[in-house]
Amino acid sequence: MYVSITRLKLKSIWLLPKFARQSNLVAQQAKESPGNLKVKLSNRWFRYFYTLTHWNSKETMQQFMIHGAHKTAMRQWSDYASEVKAYGFETNEPPKWKEARLIIENQGRITN
């Protein structure tokens with residue numbers, strides 16, 4: 001199984017409604033994408049937003065990334081976020097939220 005973790009730091013609480021709409025579109029796309037096993041969303045203090053997705057392979061996750069609402073969101077992330085981190089890895093046991101947050105904090109790569 002391939003696990004992808006992302007963290008987005010929202011620039012301002014005032015951007016939350018617009019960001020939430022876009023985020024819901026991306027989450028729905030992920031849930032409907034071939035190879036997706038699970039989609040989890042979380043936030044901390046309405047400033048940090050996390051995704052934790054499980055895929056049957058890295059390739060299916062990459063196909064999701066470059067299409068639809070996710071492709072649009074990647075082009076617009078700088079409108080919403082002061083920082084975006086991502087990290088993916090193969091595993092037999094996906095992490096729980098506490099572990100996922102530590103992984104993205106310590107091993108996540110800042111995306112441009």
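The exercises below, each with a worked solution, concern a predicted model of a single protein chain.

**Exercise 1. Fold and overall dimensions**

Determine how many helices and strands the chain has, and in what pattern they follow one another.

Solution. The count of secondary structure elements gives four helices and five strands. Reading along the sequence then places these elements in the pattern β-α-β-β-α-α-β-α-β.

Next, decide what the radius of gyration says when it is set beside the value for a compact globule.

Solution. For 112 residues, a compact globule would have a radius of gyration near 13 Å. The chain itself has 13 Å, so the two values agree. The extent of the C-alpha trace along its principal axes can be set beside this, and comes to about 40 × 30 × 20 Å.

**Exercise 2. Burial, contacts and surface**

Describe how much of the chain is buried, how its contacts are spread over the sequence, and what its exposed surface is made of.

Solution. Begin with burial: 44% of the 112 residues are buried. Turn next to contacts between residues at least 6 apart in sequence, of which 70% join residues at least 24 apart. Finally, the chain exposes about 6900 Å², and carbon and sulfur atoms supply 53% of that area.

**Exercise 3. Charges and salt bridges**

Work out how many salt bridges the chain contains, and which residues they join into one network.

Solution. As background, the chain carries 18 positive and 8 negative charges, and the mean positions of these two sets are 7 Å apart. With a cut-off of 4 Å between a side-chain nitrogen of Lys or Arg and a carboxyl oxygen of Asp or Glu, the count comes to two salt bridges.

In one of these, Arg7 pairs with Glu83, with the closest N and O atoms 2.6 Å apart. This pair links distant parts of the chain, since Glu83 belongs to strand β4 (residues 81–90) and Arg7 to strand β1 (residues 2–10), 76 residues apart.

Arg7 also meets Glu105 in a salt bridge, at an N to O distance of 2.5 Å. Here too distant parts of the chain are linked, with Arg7 in strand β1 and Glu105 in helix α4 (residues 97–107), 98 residues apart. Through shared partners, the salt bridges thus join Arg7, Glu83 and Glu105 into one network.

To complete the picture, compare accessibilities: Arg7 counts as buried because its relative accessibility is 8%, which falls under the 20% limit. Glu105, in contrast, is partly exposed, with a relative accessible area of 40%.

**Exercise 4. Positive phi between two strands**

Locate Trp45 and Phe46, state their phi values, and classify each as buried, partly exposed or exposed.

Solution. Trp45 lies in the loop between β2 (36–44) and β3 (48–55), and Phe46 is placed in the loop between β2 and β3 as well. The phi of Trp45 is near 60° and that of Phe46 near 50°; each is a positive value in a residue other than glycine. Trp45 has a relative accessible area of 70% and is therefore exposed, whereas Phe46, at 46%, counts as partly exposed, because exposed requires over 50%.

**Exercise 5. The surroundings of Gln29**

Is Gln29 buried or exposed, and which residues is Gln29 in contact with, leaving aside neighbours within four places in sequence?

Solution. Gln29 lies in helix α1 (residues 16–32). Its relative accessible area is 16%, so Gln29 is buried. Once the sequence neighbours within four places are left aside, the contacts of Gln29 are with Phe64, His67, Gly68, Ala69 and His70.

Key
Residues numbered from 1 in each chain as written. Predicted model: local features only at pLDDT ≥ 70, side-chain atom pairs only at ≥ 80, totals over all residues. Heavy atoms only, no water. Rg over C-alpha atoms; globule rule 2.2 N^0.38 Å. Buried < 20%, exposed > 50% of the residue type's maximum accessible area, 1.4 Å probe, protein only. Contact = heavy atoms within 4.5 Å. Areas by Shrake-Rupley, 256 points an atom, 1.4 Å probe, with all protein chains shown as cover. Lys, Arg positive; Asp, Glu negative; His and termini not counted. Charge placed at Lys NZ, Arg CZ, Asp CG, Glu CD.
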